[in-house]
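Work through the exercises below with the sequence and the model side by side. Try each task before reading its solution.

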Amino acid sequence: MSCIGFWIRGHETFDSSLYLHPMKILAGNWKMNTLPEEGLALLDALVLGLSPERLGEVRIVVAPPMVQLSQAVERLWNVPEISVAAQTCHQQSMGAFTGEISAPMLRALDVDAVIIGHSERRNYFNETDADCAEKIRSCLNHELSPIFCVGETHQERQSGRAWEVVKNQLQTGLSQVSSEEIVDVVIAYEPVWAIGTGEVATPEQAQEMHGAIRQWLREKYHASAQNVPLLYGGSCKPSNAAELFALPDVDGGLIGGASLVAHDFLALLDALRES
Ligand code: PGA
């Protein structure tokens, strides 16, 4: 089973033409924003702005708040070009974990993907790399594509430890993922210092890290590494996206603030399609 199958909502098969190439992916992480009506209005505005020409080879993912996943799946049922992701999940399938939501619950809602290990989850909710590994395992067990976030803090970069930190996150987070499964995973490099700050990685910084991630994936997963989409995230917006998306190892973006404004998100789509 390939993750590509998950992107074609309501179908059991996957589009093998996409399987051969790393996909371009534009993912919008809405975080804890939008009330239900606002969420629907945002989806409608995105759908209105989409056409096959505008989409090109880009896959769009939206990650609304948990309580809006059902309405998003329903609203997008006939729009398979837009996948729906949750912003986190619990590592266990069921049990006494008050307030938590499991991967099989998300799959039962026809959700396609789950963001795992976002820095806000790591910072505010104490998620560890070991937790991420279990969550990724649970996603893969339940046919959900994990969008695994990695990235260093400002201090870690200043002290020259950026790659060491990201490598550790990859090593632990992906420790239970096989070569067959890695193509079901999307990786997002999000330098913590760039998230929601307006400070964006330079193209040199982004390519250096994406290149290192790709090389690490090659060493561990060989040919499959080419098929793992690597997204950049952190203050990515229409004014800076083109130069980031043009980088050889950047296959798309994980977008926070700019994903809440349809006009901006569609402008990012244009930048990615043209890259
Ligand atoms: P930002 O957030 O685009 O608002 O910086 C990115 C993210 O947190 O995924």
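The exercises cover one strand with its neighbours, then salt bridges.

This is a predicted model, in which local features need pLDDT of at least 70, side-chain atom pairs count only at pLDDT 80 or more, and totals for chains, interfaces and linings use all residues. Residues are numbered from 1 along each chain as its sequence is written, and side-chain values use heavy atoms, with hydrogens and water left out.

**Exercise 1.** Find which way the residues of strand β6 point, and whether they are buried or exposed.

Solution.
- Step 1: Locate the strand. Helices (H or I, at least four residues) and strands (E, at least two) are DSSP runs numbered from the N terminus, and β6 covers residues 186-189.
- Step 2: Recall the rule. In a regular strand the side chains alternate between the two faces of the sheet.
- Step 3: Apply it. V186 and A188 point one way, while I187 and Y189 point the other way.
- Step 4: Check burial. Buried means under 20% relative accessible area, exposed over 50%, and partly exposed in between (1.4 Å probe, protein chains only). All four residues of β6 are buried.

**Exercise 2.** Identify the strands that pair with β6.

Solution.
- Step 1: Two strands pair if DSSP finds at least two bridges between them.
- Step 2: Strand β5 (residues 145-150) pairs with β6 in the parallel sense over 4 bridges. V150 has Y189 of β6 as its bridge partner.
- Step 3: Strand β7 (residues 230-233) also pairs with β6 in the parallel sense, over 3 bridges. Here Y189 has Y232 as its bridge partner.
- Step 4: Follow the chain. β6, helix α11 (residues 203-221) and β7 make a right-handed β-α-β unit; right-handed means that, with the strands pointing away from the viewer, the path from the first strand over the helix to the second runs clockwise.

**Exercise 3.** Describe the salt bridges of R214 and D44.

Solution.
- Step 1: A salt bridge is a side-chain nitrogen of Lys or Arg within 4 Å of a carboxyl oxygen of Asp or Glu. By this rule the count is 13.
- Step 2: R214 bridges to D251, with the closest N and O atoms 2.9 Å apart. R214 lies in helix α11 and D251 in the loop between α12 (238-245) and β8 (252-255), so the pair ties together parts 37 residues apart in sequence. Both residues, R214 and D251, are buried.
- Step 3: D44 meets R75 at 2.8 Å, N to O. D44 is in helix α3 (residues 36-49) and R75 in helix α5 (residues 69-75), 31 residues apart. D44 is partly exposed at 32% relative accessible area, and R75 is partly exposed at 39%.
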